[in-house]
Amino acid sequence: MHSSLAGPKNLSVLTLIALSAFVLPAQAQEGWPWQNEPRYDRQRAPAERPTVPDYDTPYMKPTGTEPPNSGWQAPAETQRGPSQRPPASYQEGPAFRPPVTVESSDLAPVMAGDGSGLPYELWNGLDSATFEKLLADIEIPPRSNALHGLWRRLMTAEIRATGAGDGERFEAIRLEALYRSGLTADMQRLMQSSATSTPSPAISVLLARAAIADGNDDEACSQTQGFLRDLGRMPRMLAGEAVMISGYCVTRSGNSSAAGVAAGFAREQGVEEGAGLAALDAIAHGGKPKLKSGHPVSLIDYKLLAKAGYTDISGLLPGASPALLVALTRDPQASSDVHLSAGEAAARLNAITAEELSAIYRRAAMSAATTAQATPQAAGGGFGSQNPHVAAGTPAYRAILFLQAETEQTPFRKVRAIRTYLDEARRANLYIPALQTMGPAVQSMRPVPEISWFSETAIEVLLASNEPQVARSWLNLSDPADPRAAGQLNHWRALIDISDVNGARHGQSLAALEHLALRGVFVPDQLHRIATVLDALDYQIPIPLWEAASRTPQPSTGHLPETGVLSRLQNAAKAKEFGRTVLLTMNALGPKGAEGAHMIALGDAIRALKSAGLEAEARRLGFEALFPAWPRQVSG
């Protein structure tokens with residue numbers, strides 16, 4: 001029997017049987033046309049999207065009926081409906097099922113147990129040299145709220161680099177990035193959790209700088225003698241920082257001659273001429289430092305300027321680093337006006353959270369109310385109009401409006417106070433942070449018909465605060481039955497849908513966008529942004545929306561990264577290299593985030609985050625790209 005099976009004739013039969021196991025499934029797979037639709041090419045304009053309809057979606061008519069307001073008709077060979085599905089022989093039977101293969105990149109990542117919500121292999125494939133290079137190419141902290149939250153989790157996760165042979169250098173770079181972002185408190189917590197009995201010279205400098213940021217100057221200066229002996233083992237920039245810290249410490253004792261020596265030593269280490277060196281020179285020669293307006297000022301520079309007798313702190317704010325702005329909001333020696341101005345500047349840079357800005361506003365407003373013996377008034381008046389010590393349009397005025405909106409108990413007055421505060425914040429380029437500060441106040445309110453005019457504002461507040469489910473409750477105050485009815489807010493359903501990673505029916509709320517697109521409400525740039533975001537999130541985009549966008553060329557404005565960044569981003573996302581994916585996403589979007597990114601970069605960034613398993617952040621990025629120019633009734 002064995003010999004007969006080995007004959008040439010029977011071998012050919014076995015060969016045919018073996019081949020059929022591969023050929024027939026492949027043919028069956030090719031018979032499923034909706035599994036082989038060509039994807040939208042991100043390099044092409046929306047007009048070139050493959051026009052193969054899918055009648056399983058709620059936006060297409062049955063076979064033979066043209067889409068509304070469109071002259072488009074699919075070729076006969078591509079039209080299909082539920083009755084045109086493949087024969088049952090292709091769907092049933094184990095012999096004809098296409099083989100299922102699982103790639104390692106399709107598997108869910110192993111999540112870390114530190115509460116960061118990030119995978120354990122966070123820094124997979126990223127060594128310290130590459131990490132440093134990627135950080136040099138981006139602006140931190142990121143202006144995008146979605147990316148900032150992800151950035152903060154990434155940089156503070158208690159996960160060490162797995163692919164870096166020089167883990168200590170990697171940690172030093174990460175701590176430096178936190179400092180540059182103004183996240184000094186996070187930096188200190190991270191250092192305490194990984195502290196060693198004998199830290200390296202570079203880590204010692206970072207520890208000293210963090211202590212100064214926290215107001216512990218004595219602790220910082222106690223370490224200077226140790227790291228000054230090891231300047232040769234530090235990166236050049238960090239060595240210059242070590243000398244400047246040493247110079248600050250000697251000025252605390254009033255040693256003016258030592259200040260001059262420190263200034264000369266700092267120049268030898270390559271420290272650029274700036275506020276810090278000007279302060280050391282002034283201390284050494286007994287004069288006053290002369291600064292140019294808007295010149296960069298670091299936290300150490302500020303400390304030296306204070307020792308040199310420089311008092312114009314407000315003049316330093318335009319050039320203040322994020323770390324300095326955060327330190328000024330906590331400085332007990334600074335005035336309330338400085339706290340407010342620094343807090344607002346830090347909020348614009350994402351260096352502080354909405355909760356921290358709220359606390360700054362609350363302290364300042366209570367102080368002003370106590371000084372002027374003022375009490376909350378109705379939204380038409382309020383602290384600002386009753387207090388002669390507070391000028392309209394100032395940070396103190398916004399703080400008073402914030403406290404009034406937060407503490408008002410009567411719903412009718414409260415919603416007017418919130419709207420007044422938000423309008424004032426918009427004029428100060430603080431709209432998003434202000435919306436977020438009102439999140440707790442709006443969440444505590446009940447949507448009732450008596451304040452239905454406030455629904456749109458409430459939706460804005462809740463979406464900015466990442467509460468899409470609560471936003472839906474306010475949207476239900478308007479009649480959702482007819483998306484074409486005048487005065488409706490149904491177009492907000494689409495933005496809520498985009499924001500909500502837990503939405504049960506993604507893509508079911510685009511009818512109102514079709515209606516607005518056909519009415520010409522969206523400008524061409526916004527139409528293309530909507531199409532880009534929806535396509536990147538794998539929505540089935542309504543044909544009328546595509547047609548409206550295709551009537552104008554794809555915008556060529558916005559930040560487009562250098563050649564190779566987008567391809568590296570796609571590769572990193574596919575390989576589940578999470579740290580690299582986040583950093584390359586920040587590079588791709590540019591300094592203004594999703595709002596200022598080129599269409600191609602925006603679409604690729606959203607796809608990359610989604611592919612890497614970060615769909616919540618991908619959706620928040622899509623929301624941020626559309627929210628600023630979204631049609632509004634009350635606040636627009």
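Let me start with a group of charged residues: Glu 344, Arg 348, Arg 398, Glu 424 and Arg 427 are joined in a network of salt bridges. Keep in mind that we are looking at a predicted model. Across the whole structure, the search turns up 27 salt bridges. I will go through three individual pairs and then turn to one helix packing.

The first pair on my list is Asp 218 with Arg 252, where the closest N and O atoms are 2.8 Å apart. Asp 218 sits in helix α9, residues 217-221, and Arg 252 in helix α11, residues 236-252. The two residues are 34 apart, and the pair links distant parts of the chain. How accessible is Asp 218, buried or exposed? Its relative accessibility is 56%, so Asp 218 counts as exposed. Arg 252, with a relative accessible area of 34%, is partly exposed.

Next, Asp 538 and Lys 610. Their side chains meet in a salt bridge at 3.4 Å, N to O. Asp 538 lies in the loop between α27 (524-536) and α28 (543-550), while Lys 610 belongs to helix α31, residues 599-611, so this salt bridge ties together parts that are 72 residues apart in sequence. Lys 610 has a relative accessible area of 26% and is partly exposed.

Staying with helix α31, there is a salt bridge between Arg 607 and Asp 604, with the closest N and O atoms 3.5 Å apart. How far apart are these two along the helix? They are three residues apart in α31, which means about one helical turn separates them. Arg 607 is partly exposed, at 24% relative accessible area. Asp 604 is buried, at 2%; the cut-off for buried is under 20%.

Now the packing. Two packed helices are described by the angle between their axes and the distance between the axes. Here the helices are α11, which we met through Arg 252, and α13, residues 275-285. Their angle is about 30°, and their axes are 11 Å apart. Angles under 35 degrees count as roughly parallel, so α11 is roughly parallel to α13. As for handedness, the crossing of α11 and α13 is left-handed.

Which residues make the contact? From α11 they are Met 244, Gly 247 and Thr 251, and from α13 they are Gly 276, Leu 277, Leu 280 and Ile 283. By type, the residues of this contact between α11 and α13 comprise four nonpolar, three polar and no charged.

Note on methods:
Residues numbered from 1 in each chain as written. Predicted model: local features only at pLDDT ≥ 70, side-chain atom pairs only at ≥ 80, totals over all residues. Heavy atoms only, no water. Salt bridge = Lys/Arg side-chain N within 4 Å of Asp/Glu carboxyl O. Helix = DSSP H or I, 4+ residues; strand = E, 2+ residues; numbered from the N terminus. Buried < 20%, exposed > 50% of the residue type's maximum accessible area, 1.4 Å probe, protein only. Axes fitted to C-alpha atoms, helices over the stretch in contact; angles between N-to-C directions. Parallel < 35°, antiparallel > 145°, perpendicular 65-115°, else oblique. Left-handed = near helix turned anticlockwise from the far one by under 90°. Contact = heavy atoms within 4.5 Å. Nonpolar A, V, L, I, M, F, W, Y, C, P; charged D, E, K, R; others polar.
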